[in-house]
Amino acid sequence: MSTKAIYEATGKKLLNKYLGSTAAECRCVSVDANTNWNDLIANNRWLESERLVVKPDQLIKRRGKLGLIKGDVAIQGAKDFISETLGKEISIGHTTGKLKHFIIEPYLAHEKTDEMYICIYSNREGEVILFHHEGGIDVGDVDSKGLQYSILIDESFDDKKMETALLKHVPADRQAHLSAFISKLFQVYMELQFTYLEINPLVVTSNTVYVLDLASRLDQTAEYLCASKWGNIEFPPPFGRDAYAEEAYIAELDAKSGASLKLTVLNPKGRVWTMVAGGGASVIYSDTICDMGFAAELADYGEYSGAPSEQQTYEYAKTILSLMIKEKNPEGKILIIGGGIANFTNVAATFKGIVKALREFRDHLIEYKVSIFVRRAGPNYQEGLRVMREVGASLGVPIHVFGPETHMTAIVGMALGKRPIAPPEHAELTTANFLLPTSVNVSIVIPIRDMSNQHTTKFDEERKRLNKSTSLDQELAVKSDDSNTATNAPSTTSKVNDDIRRLNLTRPLFSNTTKAIVWGMQTKAVQGMLDFDHVCRRSQPSVVAMIYPFTGDHKQKFYWGHEEILLPCYKNMADCMKRHPDADVLINFASLRSAYDSTMETLKYPQIRSIAIIAEGIPEQLTRRMLRLANKQNVFLIGPATVGGLKAGCFKIGHTGGMLDNILMSKLYRPGSVAYVSRSGGMSNELNNIISRNSDGVYEGIAIGGDRYPGTTFTDHIYRYEDDPEAKIIVLLGEVGGIEEYHICEAIKSKRIKKPLVAWCIGTCASMFTSEVQFGHAGSHADNDRETAIAKNKALQDAGAYVPNSFDELGDLIHVVFEELKRCGQLIPKPDVLPPSVPMDYDWARELGLIRKPASFMTSIVDDRGQELLYAGMPITDVIKENMGIGGVLSLLWFRKRLPKYATEFLEMTLMVTADHGPAVSGAHNTIVCARAGKDLVSCLASGLLTIGDRFGGALDNAAKQFSHAFDTGLHPADFVNKMRKDGELIMGIGHRVKSLNNPDMRVVLLKKFAKEHFPATPLLDYALEVEKITVSKKPNLILNVDGCIGVAMVDLFRNCGCFTHEEATEFIENGALNGLFVLGRSMGFIGHFLDQKRLRQGLYRHPWDDISYILPESM
């Protein structure tokens, strides 16, 4: 989610709605290929009576200079212009696209001197209004000559200050209404969560203000706040790129999911397709593909992250595969399934979804000659890679699979033929190997590679730079007080944070005694933190309490190594803070809707020095308010949209670092010498891996978050690393968008940063795309050339940072710097230690297939574990889609069979005819009495159901048993009747209190008729009817009643429908399935009686005396 541009027509309709009388109405209509001109004119009569202006409405800049505006024309002229240009392909710079969407407005005749320029845009500190008294297509460099008025976050808009700052060159007779317009425009800008709004020209006459050309962007993350104000907003694709139905489908999936699913189709005819996990990783894969010369062949950009389910990943993979097979390429196609090392996503679960899609598209993959390259790591990655290797062998599709032992982007070179395909490496230590207790007294060491004979000219140059570096010729001393820090910092750099920021840099952010509070019921994250504490040999847990306002105060059970401990969970934050005054970190797992309020509440407590906000998608206005207050109170804010950070051997935030296997593999249980800062949470884990393989490991790492306005910046953390004597090397993983990296450049030049800084900015591919692409992080968007990754990398290198040629070489360069520091004696590698073993959780051991345990329960009728509920293996959507009805559901849940249509209809008929038989029967009577006593529905229903038995309603099973036994043993109907009379037993299913041969029960008539017409055979029903002939000859009310009819008919159905064996049919009867039909049917009637009594407001029932026969003894 990010700031997104909207159509000019959409923006003007919003301004019409909210600007009121401060501006003239912006009348406009939109036109595309589907427009019906007659209807359009009929609904907008001004189109016929006024002169018009028509122009494309497709986010195209400088339309006037490009000759794309047709003004002062009648409706026919507008039609002709659109007819000539609709669908026409034009090129703007290196972007080529078709004109498809237009806007028509009234033409406004005015003087050139009436044209002005205004733009409101947001930045980290607040909003800026940029104004120039001259506007139009020839306005020129308005950034340098325009006047500015800045409004800090939460500051009130001051009309007088604004007028003084902006309107000094505006004619006096126009200042008053222009001032009112600007004031109202700013109010609308803030209330509707705009992030950019430019009007050029803004026509200001002596009477009013006219909005002519408008360009604007909205904060899409604020949709939940502004949906009623915005209405139905459409966010169009940038010019040069078509909107695809597949993109819309993935966007819909993303909106419904807590995970992140993104897809942008760049070139549907491209050979190279990607399916990458992680916002940062997805950018790096695209960078690498473009760097290798395949920008024109890159077909898509997208990412999936945030632990999507197997089904969601299946849908995502299926969508990409469906796009891949639309067109063939003689050279075949390439699918790169990549990703960094996941923090908490179950790799095996997501890969199972991908494998399901690959199996479904098997024939197409072979036909289109698709080669697949896979690289992934993280929780349960070994199982995921195993599944992927197996599917490659079975599908007949070349699939090359790699894990964390292979550099993240190495598969790109293999896939594109730039490097040989590496043979499978030795098996990595698995999660099980790492976590199961061991008595082997060896440490887990990943050797640092000897690159003495492998370095390139690039690395020779870096070695020479290192040898000449003054920062390595002297001891890397740390300034001990803030005055030194301030003196060494350049004025331009210090301005970044000097406005309201006075962060306390003298104390470490985290230590091995840091105590944290976790907001949210995130038990897995808390357990992960405690396990990290244990392997770091902390003496006490880092988490001291949890806050969860949706339950009362209670205790939560966790593991501390081998022991179980209880952590308090509080409903109220004030209680938590009062009882844990030594906690100075709060980790906020609140949702995007709650994160702002919970963070602002936290900032009321001065004991909290650091807050990590995990949620992604917090509206930017709310984020900046949090930042401003945090800065005022000297609180470090990490995030939003982050996984957090860690200090090796001391403390980690939430899921940072992933599971224990990765923590141990990356040696995060003890401090190294390299400190890093990144935007991407997923890439922070990849950096842990890269750094551990090319140095003595990580000292500290922070992911500041992917939003445009992270709580703390690269500068904040790099200054801390510079001042920390234990951090010897600094690594920066920057990103396209923003200018923060330039502050780092200034700090290097001014010697504020002296330690070796290895830096790389991802997003270099953005400059090679032919249309604008919004990457996975909201902040990954360049508004100008200076914000591109290429420009930043060059600036960093020019400033003195160590910048590799590509991300591929980042690890190698870290290794070179590390080895040089060792050689110079500036760095002594940290010794490795053997971490204590941590028992594996039962659930995770079962997930890995390490243990088995008999289940306490078994079920064979329903499965609720997957994406969709299954009834006897049938998805609930198919049950509804195929209109199976209640009878069909019964057939699945009761009998685990899909019975024929006539059978399910008969089941439904039995429910209907047994639903009720009046209020006088015992079950209904009990229900009514209970209802009148004021009891609830369930109690009343239970009261009625408990009367069901042999005497009332429970004769179905026994009737079926008696008639079946007589029929199966060959008893003649007369012999059966005589035997039952001789044995003194009643024939169940025969006899009725009211109905008789001359007054038949219509329910029985209907059931018999249906069975005779639809059942394959009815031998038992026929037998029962022969018995009835004998019994009614003795007494006319000894008829086959509804219980008996249903009982024998159901036996005929079981035995003759072809779905059951004789034994299975007998078992269902013995188990009481037939009585279940009566219970289910009659429950509907009992509930009806309950609701009827409530509706009639009947009081407590007391039985009348005259209906009771009192027969007490005369005396005792």
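This section describes the overall architecture, an annotated segment, a pocket, and selected local features of the chain.

The structure is a predicted model. The chain has 1116 residues, 55% of which count as buried. Its secondary structure comprises 43 helices and 35 strands. The C-alpha trace extends over about 115 × 90 × 80 Å along the principal axes.

One segment of the chain carries a record-based assignment. An unreviewed UniProt entry annotates residues 509–618 as "domain: CoA-binding". In the model, helix accounts for 25% of this segment and strand for 29%. The C-alpha atoms at the two ends of residues 509–618 are separated by 24 Å.

The second largest pocket was examined next. Empty space of this kind is located by rolling a probe the size of a water molecule over the atoms. The second largest pocket holds about 1100 Å³ of space. Its lining consists of 32 residues, and those closest to the centre of the pocket are R951, I990, G991, H992 and N1041. Four helices, α38 (973–982), α40 (1019–1034), α41 (1042–1056) and α43 (1073–1096), each contribute at least two residues to this lining. The largest share comes from α38, which provides three residues. In chemical character, the lining of the second largest pocket is made up of 14 nonpolar, nine polar and nine charged residues.

Aromatic contacts were then considered. A pair of aromatic rings is described by the distance of the centres and the angle of the planes. The model contains 21 aromatic pairs. One of these pairs joins F1054 and F1060 in an edge-to-face arrangement, with the ring centres 5.5 Å apart and an angle of 85° between the planes. Both F1054 and F1060 are buried. These two residues also belong to one aromatic cluster, together with W894, F895 and F1068. Within this cluster, F895 is one of the buried residues of helix α33 (residues 885–895). The other buried residues of α33 are G887, G888, L890, S891 and L892. Just after α33, R896 adopts a positive phi of about 55°.

The cysteines were assessed for covalent links. A disulfide is a covalent bond between the sulfur atoms of two cysteines. The count of disulfides in the model is zero. For C1059, the closest cysteine sulfur is that of C1057 at 3.9 Å; no disulfide is assigned to this pair because the sulfur atoms are too far apart for a bond, the cut-off being 2.5 Å. For C745, the closest cysteine sulfur lies in C761 at a distance of 8.1 Å, which is likewise too far for a bond. C745 has a relative accessibility of 4% and therefore counts as buried.

The loop between α28 (740–749) and β32 (757–762) contains P756. With a relative accessible area of 2%, P756 is buried. The C-alpha atom of P756 is 8.5 Å from that of V731, although the two residues are 25 positions apart in sequence. K751 is also found in the loop between α28 and β32. This residue has a positive phi of about 70° although it is not a glycine. In contrast to the buried P756, K751 is partly exposed, with a relative accessible area of 46%.

Further backbone features were identified elsewhere in the chain. Most residues other than glycine have a negative phi, and most peptide bonds are trans. D72, which is not a glycine, takes a positive phi of about 55°. D72 is located in strand β4 (residues 70–73), and its relative accessibility of 36% places it in the partly exposed class. The peptide bond from N200 to P201 is cis, with omega near 5°. P201 is situated in strand β11 (residues 194–204). A cis peptide bond, with omega near 5°, also links G639 to P640. P640 lies in the loop between β26 (636–638) and β27 (645–647).

Definitions and conventions. Residues are numbered from 1 along each chain as its sequence is written. This is a predicted model: local features need pLDDT of at least 70, side-chain atom pairs count only at pLDDT 80 or more; totals for chains, interfaces and linings use all residues. Side-chain values use heavy atoms; hydrogens and water are left out. Buried means under 20% relative accessible area, exposed over 50%, partly exposed in between (1.4 Å probe, protein chains only). UniProt positions are given in the numbering used here, feature names are shortened, and annotations may be inferred rather than shown by experiment. On a 1 Å grid over the protein atoms alone, a cavity is a set of points where a 1.4 Å probe fits but cannot get out, and a pocket is an open set with protein on both sides within 12 Å along at least five of seven lines; lining residues have an atom within 4 Å of a point. Grid points are joined across faces, edges and corners, and a volume is the space filled by probe spheres set on the points. Ala, Val, Leu, Ile, Met, Phe, Trp, Tyr, Cys and Pro count as nonpolar, Asp, Glu, Lys and Arg as charged, and the others, Gly among them, as polar. Rings of Phe, Tyr and Trp (its six-membered ring) pair if their centres lie within 6.5 Å; planes under 30 degrees apart count as stacked, over 60 as edge-to-face and the rest as tilted.
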